[in-house]
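Reader: I am new to this structure and should be grateful for a close look at a single part of it. Please take the open space in the protein and explain what surrounds it, then how that part sits within the whole.

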Amino acid sequence: QSYKEGTVHAGMLAAAQTVYEEIQPLLAHTFQKYPDYCMVVTGHSLGAGVASLFTMLYRDIFTVPIHCYAFAPPCIMSLGLAKMCEPFITSVVVNDDVIPRLSFGSVEHLKERIRVL
C-alpha cells in the first residue's frame with residue numbers, strides 16, 4: 001500500500017492504525033500530564049512490523065520523542081522509507097533468520113538467479 005514516499009505492508013499498516021486509534025486518547029492525556037516523557041515501542045516478528053509502522057504513524061501526530069526496537073521484523077516497507085526511519089527504528093536480526101531478509105526484492109533476485117542456472 002502507498003504510504004508517504006514509498007510502500008508498506010497493507011495488513012500491518014491496518015493493524016498499526018487500529019492500535020494507534022485505540023490508544024491515541026490515552027497517549028494524548030499522558031503526554032499532556034507528563035510532558036517530559038518519551039516513548040519506546042518494541043515488538044518481535046509480526047509485532048515488530050506493526051510496532052515499526054505504529055512508530056511512523058505516531059510521529060505524524062505527536063512531537064514527543066519515540067524510538068522503536070524491532071526484533072526480527074519482516075520486510076514491511078520500501079527501501080526509501082526504511083532509510084528514512086533509521087534515526088527512530090532499530091531493527092535487531094540474529095544470525096541467519098530468514099524472515100527479516102525475505103522481501104519482494106530478495107525473492108525477485110532469487111528467481112533471476114535460478115533462471116541463470
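Author: Helix H3, residues 79-85, gives the most to the lining of the largest pocket, with four residues. The model in view is a predicted one. Strand S5, residues 89-92, joins H3 as an element that supplies at least two residues of this lining. In total, 22 residues line the largest pocket, and those nearest its centre are Pro 74, Cys 75, Ile 76, Met 77 and Ala 82. The space inside the largest pocket comes to about 520 Å³. Rolling a probe the size of a water molecule over the atoms shows where empty space is left. Sorted by class, the lining of the largest pocket consists of 13 nonpolar, six polar and three charged residues.

Two of the residues nearest the centre of the pocket, Ile 76 and Met 77, lead on to helix H2. Ser 52 has its place in H2, and its contacts beyond four places in sequence are Cys 68, Ala 70, Ile 76, Met 77 and Ile 89. Ser 52 counts as buried because its relative accessibility is 5%, below the limit of 20%.

Met 56 is also found in helix H2, which covers residues 46-61. With a relative accessible area of 2%, Met 56 is buried. Setting aside residues up to four places away in sequence, Met 56 touches Tyr 3, Met 77, Leu 81, Met 84, Cys 85, Phe 88 and Ile 89. Met 77 and Ile 89 therefore appear in the contacts of Met 56 as well as in those of Ser 52. One of the partners, Cys 85, stands 29 residues from Met 56 along the chain, yet their C-alpha atoms are separated by 7.9 Å. Another partner of Met 56 is Phe 88, and the face of Phe 88 has Arg 59 lying over it, at 3.8 Å from the ring centre.

Two residues with an uncommon backbone angle belong to the loops of this region. Most residues other than glycine have a negative phi, and most peptide bonds are trans. Ala 72, although not a glycine, has a positive phi of about 55°. Its place is in the loop between S4 and H3, and Ala 72 counts as buried, at 9% relative accessibility. Ser 45 likewise is not a glycine and has a positive phi, here of about 60°. Ser 45 lies in the loop that runs between strand S3, residues 39-44, and H2. In contrast to the buried Ala 72, Ser 45 is partly exposed, with a relative accessible area of 25%.

From H2, the aromatic rings carry the account into other parts of the chain. A pair of aromatic rings is described by the distance of the centres and the angle of the planes. The structure holds seven aromatic pairs. In one of them, Phe 31 and Phe 62 meet edge-to-face, at 5.6 Å centre to centre and with 70° between the planes. This pair links distant parts of the chain: Phe 31 is in helix H1 (residues 10-33), and Phe 62, 31 residues apart from Phe 31, is in the loop between H2 and strand S4 (66-71). Both Phe 31 and Phe 62 are buried. Another pair, Tyr 34 and Tyr 37, is stacked because the ring centres are 4.7 Å apart and the planes are at 15°. Tyr 34 is partly exposed, at a relative accessible area of 34%, and Tyr 37 is partly exposed too, at 43%. Ring pairs also join Tyr 20, Phe 31, Phe 54, Tyr 58 and Phe 62 into a cluster.

The whole chain gives the setting for these details. There are four helices and five strands in the protein chain, and their order along the sequence follows the pattern β-β-α-β-α-β-α-β-α. The C-alpha atoms fill a box of roughly 65 × 30 × 20 Å, taken along the principal axes. Of the 117 residues in the protein chain, 33% are buried. Among contacts with a separation of 6 or more, 67% come from residues 24 or more positions apart. The pairing of Met 56 with Cys 85, 29 residues apart, and that of Phe 31 with Phe 62, 31 residues apart, show such separations in particular places.

Technical notes. Residues numbered from 1 in each chain as written. Predicted model: local features only at pLDDT ≥ 70, side-chain atom pairs only at ≥ 80, totals over all residues. Heavy atoms only, no water. Buried < 20%, exposed > 50% of the residue type's maximum accessible area, 1.4 Å probe, protein only. Contact = heavy atoms within 4.5 Å. Phe/Tyr/Trp six-rings, centres within 6.5 Å; stacked < 30°, edge-to-face > 60°. Lys NZ or Arg CZ within 6 Å of the ring centre and 35° of its normal. 1 Å grid on protein atoms, 1.4 Å probe; cavity = no way out; pocket = protein on both sides within 12 Å on 5 of 7 lines; lining within 4 Å. Points joined across faces, edges and corners; volume = space filled by probe spheres on them. Nonpolar A, V, L, I, M, F, W, Y, C, P; charged D, E, K, R; others polar.
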